[in-house]
Amino acid sequence: MKINILTIFPELYNSFLCESIIGRAIASDKIEVKIIDIRDYTANKHKKVDDYLFGGGAGMLLTPGPIASAIESNNLSKTMIINTSPRGQVLTQALAKDLSEHQEITILVGRYEGIDQRIIDKYVNLEVSIGDYILTGGEIASQVIIESVVRLLPNVLSNCLSSLDESFTNGLLEEDHYTRPQNFEGLEVPSELLSGHHLNIAQWKIKNRLKKTYFNRPDLLDRYKLNDDEQNYIEQLKGEKNEENKN
Ligand code: ADE
């Protein structure tokens, strides 16, 4: 996969692109990342890329000229262009999966109040938000998008099952995880996980995932199809919660 990043702060990507999964994916040619500095495409000697808003309003906007020039000069207008924006569609695991199926994506990173609407209308295929909060700029958002997409590419994660098993992929949050030692300062690993009994382990995991989801992300349960046993377990959890609230 080829990933192009259009930004006015290229230095913010230095360590991100060198470390861990992304660094290894680049080193092993699973992905190719091109950072394009929008300032290199300004026509003025001060490399100014922003200006005040027509109609008034707080903050500054990235002007359209340098962005259009960066897109056209690098032949990116036919690629999947994503703009990071708090006004965008919220990033989910499903959206990350969709994006991972593209050969080439271009992330146009917003700053200040964002970018001129005419650039969005002319070039952008998708506006993506990483959540309902406002960042100063989209650099971190673009890194979140890249990280969530790249780890889904074939042969990027060392254990190919690990992305099939994780939170959201199956509609529930992941279960609690434990490693050695078996007893940590008097705290034991749940006995089911040590039993070696596959069915008991599987049942423990599904209950634990349901419980985690019920308490932390009950909205996910609205979309998850519960079987009878699972529905009963949720009813039991509701009862326990009501009891707790009374006490
Ligand atoms: N830029 C500023 N806030 C953002 C957000 N929540 N998601 C994506 N880009 C942003």
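Here are legends for five close-up views of this predicted model.

**View 1. Thr213 and its surroundings.**
Start with Thr213, which sits in helix H9, the stretch covering residues 198-216. Is Thr213 buried or exposed? Its relative accessibility comes out at 0%, and buried means under 20%, so Thr213 counts as buried. Look at where its side chain points: the side chain of Thr213 reaches the backbone nitrogen of Leu173, at 2.9 Å. Leu173 also turns up among the contacts of Thr213 once you skip the neighbours within four places in sequence. The other residues on that list are Leu172, Pro218, Leu220 and Leu221.

**View 2. Arg209 and Glu175, a link between distant parts of the chain.**
Stay with helix H9, but move to Arg209. Arg209 pairs up with Glu175 in a salt bridge, and the closest N and O atoms are 3.8 Å apart. Where do the two partners sit? Arg209 belongs to helix H9, while Glu175 is in the loop between helix H7 (162-165) and strand E8 (183-184). That puts the partners 34 residues apart, so this pair links distant parts of the chain. Both Arg209 and Glu175 are buried.

**View 3. Lys97 and Glu101, a salt bridge with a partly exposed and an exposed partner.**
Here Lys97 forms a salt bridge with Glu101. Check the gap between the closest N and O atoms: 3.0 Å. Lys97 has a relative accessibility of 41%, so Lys97 counts as partly exposed. Glu101 has a relative accessible area of 55%, which means Glu101 is exposed.

**View 4. Glu243 and Lys246, one helix turn apart.**
Now hop over to helix H11, which runs through residues 228-246. Both Glu243 and Lys246 lie in this helix, three residues apart, and that spacing is about one turn of the helix. Their side chains meet in a salt bridge, at 3.2 Å from N to O. How exposed is each partner? Glu243 is at 42% relative accessibility, so Glu243 counts as partly exposed. Lys246 is at 64%, and exposed means over 50%, so Lys246 counts as exposed.

**View 5. Arg217, Asp219 and Arg223, a linked trio.**
In this last view, look for a network rather than a pair: salt bridges link Arg217, Asp219 and Arg223. How many salt bridges are there in the whole structure? A search finds 11. The bridges in these views are among them, including the one between Lys97 and Glu101.

Notes:
Residues numbered from 1 in each chain as written. Predicted model: local features only at pLDDT ≥ 70, side-chain atom pairs only at ≥ 80, totals over all residues. Heavy atoms only, no water. Helix = DSSP H or I, 4+ residues; strand = E, 2+ residues; numbered from the N terminus. Buried < 20%, exposed > 50% of the residue type's maximum accessible area, 1.4 Å probe, protein only. Polar contact = N/O pair within 3.5 Å; in protein donor to acceptor, adjacent residues only side chain to side chain. Contact = heavy atoms within 4.5 Å. Salt bridge = Lys/Arg side-chain N within 4 Å of Asp/Glu carboxyl O.
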